[in-house]
Amino acid sequence: MRVSVIGGSSVTDEQYADAREVGRLLGERGHEVVCGGRTGVMTAVCEGARETGGHTIGILPTESRATANEYVDTPIVTGMGNARNVLVVMNGDAVVAVDGGTGTLSEIGHALDMGRPVAGLDTHRIEGVPGVEHVETPAEAVEYVEAAASVN
């Protein structure tokens, strides 16, 4: 399964650790990670996935593969800026959101429009919307998307 991991480009040490753990768990379980390929949550999740031999895909807002973080295995350039957010979500079977600002919020909206299940970890609280599950730990996030994506 491919899991899109979205979130802030500037994060706290705790958020970085959570995103790295999400990546590690996804990699251990044989899932590919799709992200925006840059900094913050994106670097952390790729680092965690790579620690376990997981494959990472970065869908970049720029026209240069060199802008990807050092843990991206497959950089995909778009030259689309934040418009590439829809592609990040579209290329996953499920989504984990860690922290994030308005770009992450837009990606959550795209995920819901596409019917992708979303696990929210320390991110925007979206109550009463089917498809978004707020979780407390990286393990709960991974378990939720695995179960929810297998139903879709």
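User: In this predicted model, where is the place of Asp 122?

Analyst: Start with the backbone: Asp 122 has a positive phi of about 55°, although it is not a glycine. As for its place, look between strand 6 and strand 7 (132–135), where Asp 122 sits in the loop.

User: Is Asp 99 buried or exposed?

Analyst: Asp 99 also has a positive phi, near 60°, and is a residue other than glycine. You'll find Asp 99 in the loop between strand 5 and helix 4 (102–113). The cut-off for buried is under 20% relative accessible area. Asp 99 comes in at 16% relative accessibility, so this residue counts as buried.

User: Which helix gives the largest share of the largest nonpolar core?

Analyst: That core has 27 residues, and Val 5, Val 22, Leu 26, Val 45 and Val 96 have the most contacts inside it. Among the elements that give it two or more residues are strand 1 (2–7), helix 1 (13–28) and helix 2 (41–51). The largest share is six residues, and it comes from helix 2.

User: Why is helix 2 largely enclosed by the rest of the structure?

Analyst: Its buried residues include Val 41, Met 42 and Cys 46. They pack against strand 1, helix 1, strand 2, strand 3 (56–60) and strand 5. Helix 2 is largely enclosed because of its buried count: nine of the 11 residues.

User: What does Leu 26 touch, leaving out residues up to four places away in sequence?

Analyst: Leu 26 is one of the residues with the most contacts inside the largest nonpolar core. Setting aside those sequence neighbours, Leu 26 touches Val 3, Val 5, His 31, Val 33 and Val 142.

Terms used
Residues are numbered from 1 along each chain as its sequence is written. This is a predicted model: local features need pLDDT of at least 70, side-chain atom pairs count only at pLDDT 80 or more; totals for chains, interfaces and linings use all residues. Side-chain values use heavy atoms; hydrogens and water are left out. A nonpolar core is a set of buried Ala, Val, Leu, Ile, Met, Phe, Trp, Tyr and Cys residues joined through side-chain atoms within 4.5 Å. Buried means under 20% relative accessible area, exposed over 50%, partly exposed in between (1.4 Å probe, protein chains only). Helices (H or I, at least four residues) and strands (E, at least two) are DSSP runs, numbered from the N terminus. Contact means heavy atoms within 4.5 Å.
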